[in-house]
Each structure stands twice: as structure tokens, then as C-alpha cells.
Amino acid sequence: MKAYKIIVLAKQVPDTRNVGKDAMKADGTINRAALSAIFNPEDLNALEQALRIKDSFPGSTVTILTMGPGRAAEIIREGMFRGADGGILLTDRAFAGSDTLATSYAISQALKKVKDYDIIIAGRQAIDGDTAQVGPQVAEKLGIPQVTYVEEVQKIEKGKVFMKRRLERGVETVSCPIPLVMTVNGSAPDCRARNSKLLMKCKHAKTVTELQNSNEDYLHLYNDRPYLNIPEWTVNDIEVEQAELGLSGSPTKVKTVENVVLQAKDAKIISSSDNDIDELMRELIESHTIG
Amino acid sequence: MNNVFVYCEIEDGQVAEVSQELMTKGRSLANELGCQLDAIVIGSELDGIEKEIYPYGVDTVFIADDKRLYPYSTLPHTSIIVKLFQEQKPQIALMGASSIGRDLGPRVSSALHSGLTADCTSLIIGDHFDKKQDKNYENLLYQIRPAFGGNIIATIINPDCRPQMATVREGVMKKEVVDPKYKGKLVKLEVAKYVSEADFVVEIIERHMEKSKVNMKAAPIVIAGGYGMGSKENFQLLYDLAEVLGGEVGASRAAVDAGYVDHERQIGQTGVTVRPKLYIACGISGQIQHRAGMEESAQIIAINTDPEAPINSVADYVITGDVATVLPKMIKYYKQNTK
Ligand SMILES: Cc1cc2nc3c(=O)[nH]c(=O)nc-3n(C[C@H](O)[C@H](O)[C@H](O)COP(=O)(O)OP(=O)(O)OC[C@H]3O[C@@H](n4cnc5c(N)ncnc54)[C@H](O)[C@@H]3O)c2cc1C
Ligand SMILES: Cc1cc2nc3c(=O)[nH]c(=O)nc-3n(C[C@H](O)[C@H](O)[C@H](O)COP(=O)(O)OP(=O)(O)OC[C@H]3O[C@@H](n4cnc5c(N)ncnc54)[C@H](O)[C@@H]3O)c2cc1C
């Protein structure tokens with residue numbers, strides 16, 4: 001049976017969904033630094049689809065590729081705890097300020113270095129930038145087809161992947177030849193939990209930079225167990241045009257950013273008593289809001 | 001040349017709502033810039049479709065009509081648009097932030113190396129001074145969009161690359177016919193010149209589209225239920241109230257996820273945006289992603305057991321109480337006091 005080389009694109013994101021009281025500044029805007037960093041939710045759905053392919057086609061490998069600051073290595077470890085074989089951290093100051101085009105350029109150049117991939121799986125959308133553009137743009141830059149909003153990989157047969165897509169107003173089943181990029185929808189199955197054996201096995205996995213900064217007593221382990229080394233690639237490790245990276249490689253520029261201020265309106269407070277509800281309804285009918 | 005372009009989506013042989021809205025916006029941008037408005041329609045059996053399009057003030061309608069171009073598929077549509085844009089060099093290109101537009105837009109923008117701004121809520125023309133280059137840019141498209149889960153609003157510009165591309169969700173812009181007899185011209189593209197065999201490698205095996213039955217965007221009153229409704233059965237209270245008031249029922253994502261109601265009723269960032277005369281939020285906490293789809297409603301009533309629920313901060317009336325008690329009382333009062 002054929003085995004596949006699967007790359008999962010995953011991003012570490014601030015948890016914009018849980019803006020707790022401690023992340024609110026006095027003026028009602030959020031303090032982005034106070035949000036915890038998490039595995040982008042739909043990238044976990046993507047990882048699950050990858051792991052399912054690996055389950056069905058033994059010998060397949062799942063590698064997580066993430067571009068971000070050093071601490072993004074956390075999501076590579078998180079992926080390994082759930083069954084990924086390893087990951088690559090793409091990190092360099094030159095990537096800072098990238099829009100989606102510069103991001104997908106850097107990611108696609110890293111993929112060209114990986115070279116013999118079969119299936120690239122991304123999440124549909126990241127919850128911070130919220131654009132859902134990186135997956136399709138990576139596909140275009142690699143010159144391979146894309147299939148977006150995938151909910152389920154149904155089968156792989158004769159070099160083609162069969163997938164169910166979830167669209168706004170329906171579902172579609174498509175087939176697409178390998179290699180391809182698929183983006184996985186949040187409506188796809190959740191990712192399996194961490195596996196305790198894998199957690200024990202991989203919890204010391206580190207990038208070179210992390211290793212240099214830690215007082216690891218067991219350095220020899222990293223020679224004996226290659227899977228503990230998370231490759232860390234900078235611009236020097238991939239073939240890139242500097243001008244295509246970061247701010248200079250980004251056609252879109254953020255001109256201004258405004259924080260959304262949550263301020264309470266002067267709301268009328270009403271109880272659920274008959275009197276209060278009747279009074280409210282009378283008011284709404286009188287103002288022709290209803291009726 | 002250097003016109004404003006709109007990608008016209010086709011649904012059941014008709015121009016999609018979102019495209020009609022974008023043509024309306026495109027017309028006003030073109031007026032301000034003193035250029036023309038063009039549209040591209042890609043699909044099959046499109047005879048006469050241009051007549052539906054001219055009234056929005058479209059000067060040239062480009063049509064690519066071929067059996068293989070419907071239903072939508074990424075690669076052939078991308079190839080046509082990329083080539084056409086290379087020929088026509090539009091300064092602005094707009095697409096719906098729909099399943100189709102968000103699949104197509106990024107691929108096209110990557111091929112053309114033009115920036116793309118996702119999910120804009122407002123598009124206006126403005127100037128920009130770049131301090132570093134000491135250079136002034138005139139008449140750029142300000143693409144205004146929420147990001148960070150709706151916690152910030154960014155204004156994005158695209159100073160140097162063309163077209164300036166943006167996607168906009170359905171319901172965000174208003175649609176308006178400028179002139180039912182507007183005179184535009186039709187250009188039929190020779191499809192074979194724009195696509196290659198390799199564009200058809202992705203095969204659509206089965207397609208099941210549900211006709212959208214609910215039209216929440218047009219409803220003057222939306223009664224939305226959240227996870228706090230507690231069950232599918234309790235949602236009946238919402239349908240009852242909607243029936244007596246003449247409204248539609250909407251929902252939060254948590255209610256959709258819990259199976260209380262179908263996805264097509266979801267309101268919010270990943271659902272529809274509504275701005276009715278009256279919005280009644282029942283058992284909805286009011287997370288930012290939900291508020292993104294309803295906070296422009298003229299009047300908002302929140303019914304929630306939690307006096308501190310975030311939804312209350314956008315509400316005009318806060319009813320602190322249980323939906324199971326409050327809703328029947330509202331229905332009862334209304335029935336007794338109107339004919
Ligand atoms: C306020 C604000 C608004 C912005 N608006 C725009 C805009 O309109 N247009 C634009 O071009 N850029 C925009 N950007 C920049 C954009 O957020 C970044 O380029 C970001 O790196 C990628 O976009 P995203 O977060 O939207 O990812 P998405 O395109 O939503 O991500 C989709 C998938 O791609 C993969 N992926 C994305 N990023 C990475 C990564 N770093 N490593 C590995 N996999 C990844 C993941 O699988 C992810 O699920 C904006 C940035 C800010 C701060
Ligand atoms: C990328 C992304 C996109 C999203 N898009 C959307 C979207 O489009 N739309 C959307 O809605 N959400 C969206 N969400 C989810 C959103 O963050 C919230 O999780 C969701 O809106 C919560 O739904 P809820 O208010 O019904 O449920 P909950 O947050 O669980 O709130 C239930 C509320 O009901 C109240 N309650 C409980 N019992 C009763 C009772 N008997 N009577 C009255 N009140 C009661 C509770 O006090 C509580 O306030 C999105 C999230 C993400 C990350």
C-alpha cells in the first residue's frame with residue numbers, strides 16, 4: 001500500500017475567542033499581549049485529517065510546518081503529542097510584517113525545499129488575521145490545485161484524493177490528483193487528544209535555539225534520538241528573494257488600526273415580571289418597532 | 001483600462017445577491033474615480049445574463065460561457081480572471097467573501113502579485129502619504145476590515161500593486177439599481193484562449209445545494225436563539241414569537257453546533273450579517289463573533305439570565321430572566337393587544 005508524505009501548515013495564534021476580563025484594558029479595548037497563544041483551531045482539524053490518512057496508509061508521515069517566532073515550536077510539540085512525526089519551524093526576523101502573500105511565498109519556498117510532499121493540509125482560516133488566504137496562495141505558488149473547505153477525506157485511490165467540501169449553501173464531493181493543497185473547515189472532526197506515550201516520548205523535543213537556551217542535562221539524547229530535534233529554518237536555509245519577504249514583499253499595508261471599544265449603551269433594565277414585559281411590549285408597539 | 005471590476009457570481013442561473021451589492025458599490029467607486037465599471041461573469045448557459053447586470057451601472061460585461069465552467073471550480077475561473085486582468089489592468093477588483101470568492105480571490109491575487117484584503121466592511125477612496133519614501137499616493141482604495149476576532153478594525157491599503165483586490169461579505173453593502181435602462185456593452189470571451197486542459201483536473205463528483213429558504217437579511221425583525229435556549233424543542237418558542245411578530249429566527253453558532261437549528265440561520269462572523277429594525281437575542285452570551293453579525297440592528301433586546309452577559313453591552317433593552325418565562329409572556333401580550 002502506498003504511503004503519503006503529508007505536510008500540515010499550522011499557525012500559532014493569540015486566543016482571540018477568549019478575551020477574558022484580564023485581557024481588557026481600562027479603556028475597553030483588548031490587550032493583545034495578554035491573550036494566550038494557541039494552536040489555530042482549524043489547523044487542529046487539519047492535523048486530524050492528516051493523522052487519519054496516516055492511520056489508513058501505514059508508513060505515511062505527518063510533518064507540521066509553521067512560520068512564526070521561536071515560541072511557535074510549542075505547536076510543533078503539541079502536534080507531536082497528538083501523532084505528528086515532527087515539524088519544521090520557519091523563523092526569521094525577515095518574515096516580520098508579512099501579509100498573506102509574503103507569508104505564502106515564504107511557506108511555499110520552504111515546501112520547495114521539503115520537495116517530495118504529496119498532500120499539504122492547511123486550516124481554512126487563522127483566528128487572528130482571519131483572511132483564509134494563505135492556503136490557496138500557497139497552492140498557487142507551488143503550481144498545484146487547491147481544494148478548500150474540506151470536511152472529510154473519503155478515500156485516496158489511483159493517485160487521487162476524494163473529499164467532501166462544506167460550502168455556504170451545500171456540500172460537494174470532489175476528486176483531485178496528488179499533489180494538492182487542501183484547507184480544512186472547522187466543521188470537520190475535532191483533533192484527537194494528546195497521547196500520553198507520545199507526550200512522554202516527545203516532550204523534550206526542541207529547536208536548536210531552545211536547546212542553546214536551556215540547561216539540558218541530557219544533550220547526548222538529542223544525538224541518540226533524532227526525532228527530538230525540531231529543524232529550525234531561517235532565510236538562509238531556503239531559497240528566497242529578500243525583496244519578496246516581510247513588509248517589502250507585502251502588497252497590502254496596514255494603514256491604521258483601531259481598537260474596538262466595548263462601551264455599554266444606556267440600556268433599559270427590565271425584569272421578567274408580567275408588568276415589565278407588558279410595559280416593554282406596549283412601548284415597542286407604540287413606537288411601531290413591532291406591530 | 002484602469003476600471004473597477006466586479007466578479008459576478010452565478011447562482012441557479014442568476015446573479016448572486018452579493019455580486020449585485022458589489023456592483024452597486026463598484027458603481028459609486030467608479031464615479032468617484034472617474035472610470036468605468038466592468039463585470040466578469042463565468043459559467044454556462046449565460047445567454048441574456050448581461051441584461052440583469054447593466055442596470056447596476058455596468059459599462060462592460062465580459063462573459064465566459066462554456067459547459068465546463070459551471071459549477072464553479074477554482075482553476076478555470078482563476079485562469080480566465082488572471083488573463084483578463086492582465087489585459088484589462090483594472091485598478092480595483094471586488095469579489096464576494098463567499099465560498100467562491102474566498103477560494104478564488106487569494107489564488108488570483110497570488111498569480112497577479114496584487115494584494116487582497118479579506119472581508120471588508122467598508123471601502124472608500126482616500127490618499128496616503130508614505131513618509132519613508134516621501135511619496136504621496138492619490139485615490140487609493142481604503143479597505144476597512146475587522147481582524148483579530150473582531151477586536152480591531154484595520155484600514156488596509158495597497159499602494160503599489162494593481163488591482164487592489166477586496167472581498168466583501170453578503171449583506172454588508174446595499175444593492176441598488178442605478179438605471180434600469182443603463183447602456184452597457186457585452187464582450188464574449190473566447191474561452192479556449194483563457195483556459196487549458198490542465199485547469200480541469202479537479203473533478204466535481206457530486207453536488208448538493210440547498211436552496212436557501214430563510215431570508216434573514218430581509219426580515220425587519222430577527223429573533224435569535226443561543227445555547228441558553230437549552231434544547232431544540234425550546235426553539236419552538238422563537239418560531240412562535242417570529243410568527244406573531246412577522247420575523248425570522250436566527251441563531252448563534254453554539255446553538256447551531258448543538259443541533260438546535262440549521263446552519264443557514266447562523267448569525268455572526270461566520271454566518272450572515274443582519275441589521276433589522278429589531279433584534280431579540282435570547283440566551284445568547286454575545287461573543288464578539290456573534291455581535292459582528294447583529295450589532296448594527298436598530299434596536300436590540302437581550303434576554304439572558306446573566307445580568308453581566310456581554311450581549312447586554314450592545315442592547316437597548318436588557319431583560320434579566322429565563323427565556324422560558326419571558327418569551328411566552330411576550331407572545332401572550334402581543335396576541336392580546338393587537339388585532
Ligand atoms: C489587522 C490585520 C489585518 C490583516 N489583513 C490582511 C489582509 O486583509 N490581507 C492580507 O494579505 N494580509 C492581512 N494581514 C496579514 C496576515 O494576517 C498575515 O499575513 C498572516 O501571517 C497570515 O494570514 P492569516 O492569519 O489571515 O492566515 P489565514 O490565511 O487565515 O490562514 C489559513 C491557514 O494557512 C496556514 N497558515 C497561515 N499562516 C501560517 C503560518 N505563519 N505558518 C504556517 N501556516 C500558516 C494555516 O493552516 C491557516 O489555518 C492582516 C494582519 C493584521 C494584523
Ligand atoms: C472563528 C470563529 C467564528 C465564529 N463565528 C460565529 C458566528 O458567526 N456566530 C456566532 O454566534 N458565533 C460564532 N463563533 C462562536 C462564538 O465565539 C461563541 O462561542 C458563540 O456565539 C456562543 O454562542 P451562545 O451565546 O449561544 O452560547 P454561550 O456562550 O454558551 O451562551 C449562552 C448564554 O445563554 C444564557 N442562558 C443560559 N440559560 C438561559 C436561560 N434559561 N434563559 C436565558 N438565558 C440563558 C447564558 O447566561 C449565556 O449568556 C465563532 C467563533 C470563532 C472562533
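Helices and strands here are DSSP runs, numbered from the N terminus; a helix has at least four residues and a strand at least two. The model is predicted. Chains A and B both help to surround ligand 1, so that site is shared between chains. The site of ligand 2 is likewise shared, because residues from chains A and B surround it. Chain B also carries an assignment into domain 1 (4–200) and domain 2 (216–337).

**Ligand 1: shell**

- Strand 4 (61–67), helix 3 (100–114) and strand 6 (119–123) of chain A each supply at least two residues of the shell around ligand 1.
- From chain B, strand 7 (116–120), strand 9 (135–147) and strand 10 (152–157) each do so too.
- The shell around ligand 1 has 34 residues. The closest are L9(A), K11(A), D43(A), T100(A) and T131(A).
- By class, the shell of ligand 1 holds 15 nonpolar, 12 polar and 7 charged residues.

**Ligand 1: polar contacts and cover**

- L9(A), listed among the closest residues, places a polar backbone atom 2.7 Å from an oxygen atom of ligand 1.
- D99(A) also uses the backbone: one of its polar backbone atoms is 3.0 Å from an oxygen atom of ligand 1.
- N40(A) uses its side chain, with a polar atom 3.3 Å from an oxygen atom of ligand 1.
- On its own, ligand 1 has 940 Å² of accessible area, and the protein covers 91% of that.

**Ligand 2: shell**

- Ligand 2 is surrounded by 25 residues. R17(A), Y227(B), S252(B), T270(B) and S285(B) are the closest.
- The shell of ligand 2 divides into 5 nonpolar, 16 polar and 4 charged residues.

**Ligand 2: polar contacts and cover**

- A polar side-chain atom of H290(B) sits 2.8 Å from an oxygen atom of ligand 2.
- G283(B) brings a backbone N or O atom to 3.1 Å from an oxygen atom of ligand 2.
- For G228(B), a backbone N or O atom lies 3.4 Å from a nitrogen atom of the ligand 2 molecule.
- The protein covers 80% of the 1000 Å² of accessible area that ligand 2 has on its own.
- Two elements of chain B give two or more residues to the shell around ligand 2: helix 6 (253–257) and helix 7 (288–291).

**Interface between chains A and B**

- Interface size is often expressed as the accessible area lost when the parts come together.
- Chain B and chain A bury about 6700 Å² between them. Carbon and sulfur atoms give 55% of that area.
- The contact draws 80 residues from chain B and 78 residues from chain A.
- On the chain B side, R107(B), F148(B) and Y333(B) lose the most area to chain A. Together they account for 11% of what that side buries.

**Domains of chain B**

- The C-alpha centres of domain 1 and domain 2 of chain B are 34 Å apart.
- Their contact takes 9 residues from domain 1 of chain B and 7 residues from domain 2 of chain B.
- The two domains of chain B bury about 720 Å² between them, with 38% of it on carbon and sulfur atoms.
- G149(B), R169(B) and G171(B) supply 55% of the area that domain 1 of chain B buries against domain 2 of chain B. No other three residues supply more.

Key
Residues numbered from 1 in each chain as written. Chains lettered and ligands numbered in written order. Predicted model: local features only at pLDDT ≥ 70, side-chain atom pairs only at ≥ 80, totals over all residues. Heavy atoms only, no water. Near = heavy atom within 4 Å. Polar contact = N/O pair within 3.5 Å; in protein donor to acceptor, adjacent residues only side chain to side chain. Areas by Shrake-Rupley, 256 points an atom, 1.4 Å probe, with all protein chains shown as cover. Nonpolar A, V, L, I, M, F, W, Y, C, P; charged D, E, K, R; others polar. Domains from an automatic or database assignment. Contact = heavy atoms within 4.5 Å. Buried area = accessible area lost by both parts, 1.4 Å probe.
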